Amino acid sequence: RLQKPMDCRIVVFGSTGAGKSTMLNAVLYEASALPTSGWRACTSSPIEIGWSAERLYRGIVELKSLEEWHAEVRSLLKDLQMQDGRVSRSVPPASSKAEFRSPRQVAHALLQAIYPECMEGRPWTNSQEAFRDLSAAINVATIMLHDASWWKGHLERLLGYLEDSRSRMVKCGKPPRQAVPQKKSAHKTLKAIFPQHFADDSVKMLCKVDLMKLLENAWPRPPFVCDDAHALNLQLTDFVAASEDPDRAAIWPLVKKVRITGPFQGAHPFVSLIDAPGVEDADATREKVVDSLLKGAYRILIASNIKRAVSEKVAQSMFNERFRRQMLTDGHLQGVTFVATQTDELTLSELKKNLGRQDMGAQEAGRLRNSKTKWLLFQQCFKGWQNMRALAEESTGSLEEFLSRGDHPSIFCTSSHDYQKLTHLLSQSEDGPPKLWESLEDTEIPQLRDWLHVQGQRYAVDECKLSLGKLQSLVGRLAAICEEGKEGADEWTPDHEQRVRDLAGKMLQGSLASLAEHDAEMLQREVEALVMRAQAGADAASQEAADKLLPLCQPKREGGLQWNSFQATVRRDGEWHQDFNEILSAPMSRRLAVRWDEVFNSLMPQALSRIAEAYKVQLQSFEEELAKHLPGQRGHLLVEPARQMLLSKCEASRREAKERQKQGTRSIKDTTKAQMLDTYQRSFSVSGGPGIDDRQKGVVKGKLSDSCGVSKMFSVVQEGLVNDIKTIVGWFIEQTSQWSGSLVGNIMGQVEEQRRITGKRRDLVKLRVALATPCAGSRSLCEELRERLGGFASALEAAEARQAAIAGRVAGRHLEGRGSSELQPPPNKRRRLAEGDRDADTASDGELNDEEIEEGEAQEEEEQQGEEGASEDEAEEEQQSDGGVSTEGLVGPEGESEAGEESEEEAQEEEE
């Protein structure tokens, strides 16, 4: 069990071209382990990278089934359907103003990639005709949807058309002009799949049997096994990258997930890095994949090019109010990490001008830019946290509270290419020398790798402590057998059993059950407050629903959605780039987010820990009392299994509670979707013809214009949410109240086992020699392992607390003399931010304009001039902090050496 794979999933989000794959290659200490991600703009399949103990690299590709792909093709054809019912094959026009690609553009790109030979010509009459043509196409991609036996039979039929009846040979060149249509079609298909064997200038004549064997082995099928990572990369290229030949079918749209494992030097054994889909397309499938990744994520990492890290729309949309709210309710907000990539890309003249300093070199300018980037990202996160609390009608919160909660992000500014060149993963003779950095520490790849390893170690400690607890319980039972098998051991008598029962009834049965009552009452009070928030959220959603969604249902000339986008949204049950269900449920969700986090991510785990600790104290008292009445170590042997069972139950309850509350917050949107489902279906089923745009939108407008119906809909949503809340808390109270019975039952079971052991005492004497020594050794080994793991966990907690203290001290010193009010947006900007968050989920929380950035830089320079008295010990301690808001991230590197020299001179003057 200790050696089983552990699932510490760290999900990496970012836009296409942000340098995610290159960054992960550098972290893994590889030159090209990951395939290119330029294809990610229109796919929804993640790449998962994990460590393996074997010396081989494996690539496992999970493809969609034939049924899944056919269902997707039917859906895509509906997006290409025009108002008169025909299905277009032409490339939709692109709009330079559009932030996301339209449904028609996404659908055409996917079908063009799989069926390039079918996406030319006049429109199809209807979607049924289009589906028949596409499903009949056989090319390099569609054969992947079938198993090997189907492909073998189909290949034999194709070669049969080309086989000469007399010579029994197959000509691999171009067929004669007078060839029958079946022969031309077979040659065209084989040429598309195997261009190297069926080129027009080829004149090879091969036996059909030999050619069958050659072609069967010519097309690789997953899984792939290679000796090095680069070779595996080449094998996987066709499955994750678009074809360079536009006339050759691609395979990547058929891929659901890719998993790569190998002995990566930079990987942690317990960490799985997941390169998530790109975030540049309005794809409902991608949204579902992202949501599922969030639910199973242990940590979240957002990557963005440093030139756009603060202002990039993708980074802002990924960490907008909606995303942040979901992270908060899931308990992941403190686990978000930002990575600004490609720090070696630097134009010194422009940077000097922007920073207002002409007397610095390239590396100094790069460090200063990294510092300011970290500080601006930190400001954005803090202001976004305040805005989220304001939207929930809670107090905005102070900087000290923000830091004490641990919600501040870890921030890194990395240069992957310079790191790979400095470590000789890339050849400097071919790729040139490093562009900017001369030391590995400046690239910050080692710091990012250390951060990833800390996450894996923390996860592994929790898992191993739970497994070792079970192992120690088993060894304790074996030790009890050895204890009874010793010569001269005291007999277990009925009097001993009766004393145990009496003490258990007196000290455990009643008192243990009462330990959980106080925390249960506290949770009940908090739940009542949460229910009141749910009621207020339902009322707000009823009032705001029409105001938020009705503008999207207006005609395009009045600012509404385009007909094609609106139709794609209602056909997908309200989920597309403009997620109708999220817009409707957002007012209710945002009013619950902060209180939900306090109840289920803070108060409930604390209550669970208090109850478990009280139970442990009571068990310890019970064990001490048993020691007065039972011979030897029998009291400890009776109680130890119950103590280990308590630890297991506590950890299992904590994990199940986390999963239950994650699903609870998502029920708001799910129930809203269920209530709107009939409206979406009626809207989509409106017959075509002139005015279909107004008629389809009119169905949704009619639903939202009925205030009574909307109020009733959100009453149903509220009732469902309240039931979910009460179910979670009821489950929690039931679980903790049952612990007392389970513990007493476990102890009574040990009593019964003692009775059985005593009845077979003679047999145990014979086993004494065989069992005593191994059990003693195993027990001491378990104790040693538990002690080491406990020390390791304490060290990790101390390191985390130390990093938080350093971040708080640095941020406090950065604001010294000015107060935390300067991190508060001005009233008018705060109001604009709140309105922006309510209007659209893609609003940038706390985005800084040029004036604010210049003002912040000027204030930062003034603050740096006043920090000359900082001690060298503090500076050294802060530089050792790998993640979080480091000293370098808040203050900046400029003037550090001069400040250090001046601080020494001032200290000497003060001494004198």
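**Notes on the cores, a helix pair and two loop residues**

1. The largest nonpolar core holds 70 residues, and Val 500, Met 588, Phe 600, Phe 622 and Phe 714 have the most contacts inside it. The elements giving two or more residues to this core are helix H19 (494-515), helix H20 (517-549), helix H21 (563-571), helix H22 (580-627), H23, H24 and H25. Please keep in mind throughout that this is a predicted model.

2. There is also a second, separate core, made up of 68 residues, and Leu 28, Leu 134, Ala 229 and Leu 236 are among them.

3. Val 500 is a good place to start if you are browsing the 70-residue core. Which residues does Val 500 contact, leaving aside its neighbours within four places in sequence? The partners are Trp 492, Phe 622, Leu 626, Leu 630, Leu 638, Ile 747, Met 748 and Val 751. One of these, Phe 622, is itself listed with the residues that have the most contacts inside the core.

4. Now to the helix pair. Helix H23 covers residues 634-684 and helix H24 covers residues 692-705; the two pack at an angle of about 155 degrees, and their axes lie 8 Å apart. Because of that angle, H23 runs roughly antiparallel to H24. The handedness of the H23 and H24 crossing is right-handed.

5. If you would like to display the contact, select Gln 675, Met 676, Thr 679, Arg 682, Ser 683 and Phe 684 on the H23 side, and Gln 696, Val 699, Val 700 and Lys 703 on the H24 side. Sorted by class, this contact of H23 with H24 comprises four nonpolar, four polar and two charged residues.

6. Gln 567 connects nicely to the previous point. This residue lies in helix H21. Is Gln 567 buried or exposed? Gln 567 has a relative accessible area of 9%, so it counts as buried. Setting aside neighbours within four places in sequence, Gln 567 is in contact with Lys 78, Phe 684 and Gln 696. Phe 684 and Gln 696 also take part in the contact between H23 and H24, Phe 684 from H23 and Gln 696 from H24.

7. Lys 712 gives a contrasting case. It is found in helix H25, which spans residues 707-759. With a relative accessibility of 62%, Lys 712 counts as exposed. The C-alpha atom of Lys 712 is 9.8 Å from that of Gln 675, and the two residues are 37 apart along the chain. Gln 675 is one of the H23 residues in the contact with H24.

8. Toward the start of the numbering, have a look at H1. This helix is mostly covered, with seven of its eight residues buried. The buried ones are Lys 20, Ser 21, Met 23, Leu 24, Asn 25, Ala 26 and Val 27. Just after H1 comes Tyr 29, with a positive phi of about 60 degrees.

9. Two backbone angles may interest you. Most residues other than glycine have a negative phi. Tyr 29 is not a glycine, yet its phi is positive. Tyr 29 sits in the loop between helix H1 (20-27) and strand S2 (47-51), and at 27% relative accessibility it counts as partly exposed.

10. Where is Gln 342 found? Gln 342 is in the loop between strand S10 (336-341) and helix H12 (348-355). Its phi is near 60 degrees, a positive value in a residue other than glycine. The relative accessibility of Gln 342 is 27%, so this residue counts as partly exposed.

Definitions and conventions: Residues are numbered from 1 along each chain as its sequence is written. This is a predicted model: local features need pLDDT of at least 70, side-chain atom pairs count only at pLDDT 80 or more; totals for chains, interfaces and linings use all residues. Side-chain values use heavy atoms; hydrogens and water are left out. Axes are lines fitted to C-alpha atoms, for helices over the stretch in contact, and angles run from 0 to 180 degrees between N-to-C directions. Helices (H or I, at least four residues) and strands (E, at least two) are DSSP runs, numbered from the N terminus. Angles under 35 degrees count as roughly parallel, over 145 as roughly antiparallel, 65 to 115 as roughly perpendicular and the rest as oblique. A crossing is left-handed if the near helix is turned anticlockwise from the far one by less than a right angle, and right-handed if clockwise. Contact means heavy atoms within 4.5 Å. Ala, Val, Leu, Ile, Met, Phe, Trp, Tyr, Cys and Pro count as nonpolar, Asp, Glu, Lys and Arg as charged, and the others, Gly among them, as polar. Buried means under 20% relative accessible area, exposed over 50%, partly exposed in between (1.4 Å probe, protein chains only). A nonpolar core is a set of buried Ala, Val, Leu, Ile, Met, Phe, Trp, Tyr and Cys residues joined through side-chain atoms within 4.5 Å.
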